[in-house]
Amino acid sequence: MKVTVMYRNNWFGGDGWTYYPKTIKISDLCPICQQPRGKPYSYNFCEDGQWFTVDKWHNPCGHLDKYGDCLREANEILERRK
C-alpha cells in the first residue's frame, strides 16, 4: 500500500532537524501477524508553525505501525527488488 509518513532523520542517527512527509510503499499486511493493515486516511498537524499532511491508519489486529518502522520496511522492499 502507498502511504505518506513523516520522515525524521533522528530515527536513523541524525541530528533531528530534518523532517518532511515522504510517500512510501509498504505491505498491506501487518508485519507482526500478517493480517490486513487498516485503511489510510489523511491527518493534518502543525509542527514549528508549519502544517503537514500525512497518513494514519488503525490496524484491525491492534498492532501499531510506527512511521520509523514503516520507513525501514519500505527500504527493505526496495532493496529486495534490486
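User: I'd like to start with Asp28. Leaving aside its neighbours within four places in sequence, which residues is Asp28 in contact with?

Analyst: Happy to start there. This is a predicted model, and in it Asp28 touches Met1, Gln35, Pro36 and Arg37, once neighbours within four places in sequence are left aside. Asp28 itself sits in the loop between β2 and β3. You can also follow the backbone: Asp28 and Lys39 are eleven residues apart along the chain, and their C-alpha atoms are separated by 9.1 Å.

User: Is Asp28 buried or exposed?

Analyst: In between. Its relative accessible area is 47%, so Asp28 counts as partly exposed.

User: Arg37 came up among those contacts. How should I read its charged partners?

Analyst: The general idea first: side chains of opposite charge can pair when their charged atoms come close. In this structure, Arg37 forms a salt bridge with Asp65, with 2.9 Å between the closest N and O atoms. That pair links distant parts of the chain, as Arg37 is in the loop between β2 and β3 while Asp65 is in the loop between β4 and α1, 28 residues apart. Arg37 also meets Glu73 in a salt bridge, at 2.7 Å from N to O. Because Arg37 lies in that β2–β3 loop and Glu73 in helix α1, this second pair ties together parts that are 36 residues apart in sequence. Put together, Arg37, Asp65 and Glu73 are linked in a network of salt bridges.

User: Are the residues of that network buried or exposed?

Analyst: Arg37 and Asp65 are both buried. The relative accessible area of Arg37 is 8%, and Glu73, at 12%, counts as buried too.

User: How many salt bridges does a search of the whole structure find?

Analyst: Four. One of them joins the side chains of Arg8 and Glu47, at 2.7 Å from N to O. Here strand meets strand: Arg8 is in β1 and Glu47 in β3 (residues 41-47), 39 residues apart. The cut-off for buried is under 20% relative accessible area, so Arg8 at 19% is buried, and so is Glu47 at 18%.

User: Glu73 took us to helix α1. How do I read a helix?

Analyst: An α-helix has 3.6 residues a turn, so residues three or four places apart point the same way. Helix α1 covers residues 67-81, and its 15 residues reach 21 Å from first C-alpha to last, close to the 21 Å expected. Its buried residues are Tyr67, Gly68, Cys70, Leu71, Glu73, Ala74 and Ile77. Among what covers them are the strands β1 (2-8), β2 (19-25) and β4 (50-56).

User: Which residues line the largest pocket?

Analyst: Its lining consists of Tyr43, Asp55, Lys56, Trp57, His58, Asn59, Gly62, His63, Leu64, Asp65 and Tyr67. You'll recognise Asp65 from the salt-bridge network, and Tyr67 from the buried residues of α1. Sorted by class, the lining has four nonpolar, four polar and three charged residues. The space in this pocket is about 210 Å³.

User: One last feature: what should I look for in backbone phi angles?

Analyst: Most residues other than glycine have a negative phi. Gln34 is not a glycine, yet its phi is positive, about 65 degrees. Gln34 is in the loop between β2 and β3, and at 47% relative accessibility it is partly exposed. Asp48 is another non-glycine with a positive phi, about 50 degrees. Asp48 belongs to the loop between β3 and β4, and is exposed, with a relative accessible area of 64%.

Notes
Residues are numbered from 1 along each chain as its sequence is written. This is a predicted model: local features need pLDDT of at least 70, side-chain atom pairs count only at pLDDT 80 or more; totals for chains, interfaces and linings use all residues. Side-chain values use heavy atoms; hydrogens and water are left out. Helices (H or I, at least four residues) and strands (E, at least two) are DSSP runs, numbered from the N terminus. The expected span of a helix is 1.5 Å times one less than its number of residues. Buried means under 20% relative accessible area, exposed over 50%, partly exposed in between (1.4 Å probe, protein chains only). Contact means heavy atoms within 4.5 Å. On a 1 Å grid over the protein atoms alone, a cavity is a set of points where a 1.4 Å probe fits but cannot get out, and a pocket is an open set with protein on both sides within 12 Å along at least five of seven lines; lining residues have an atom within 4 Å of a point. Grid points are joined across faces, edges and corners, and a volume is the space filled by probe spheres set on the points. Ala, Val, Leu, Ile, Met, Phe, Trp, Tyr, Cys and Pro count as nonpolar, Asp, Glu, Lys and Arg as charged, and the others, Gly among them, as polar.
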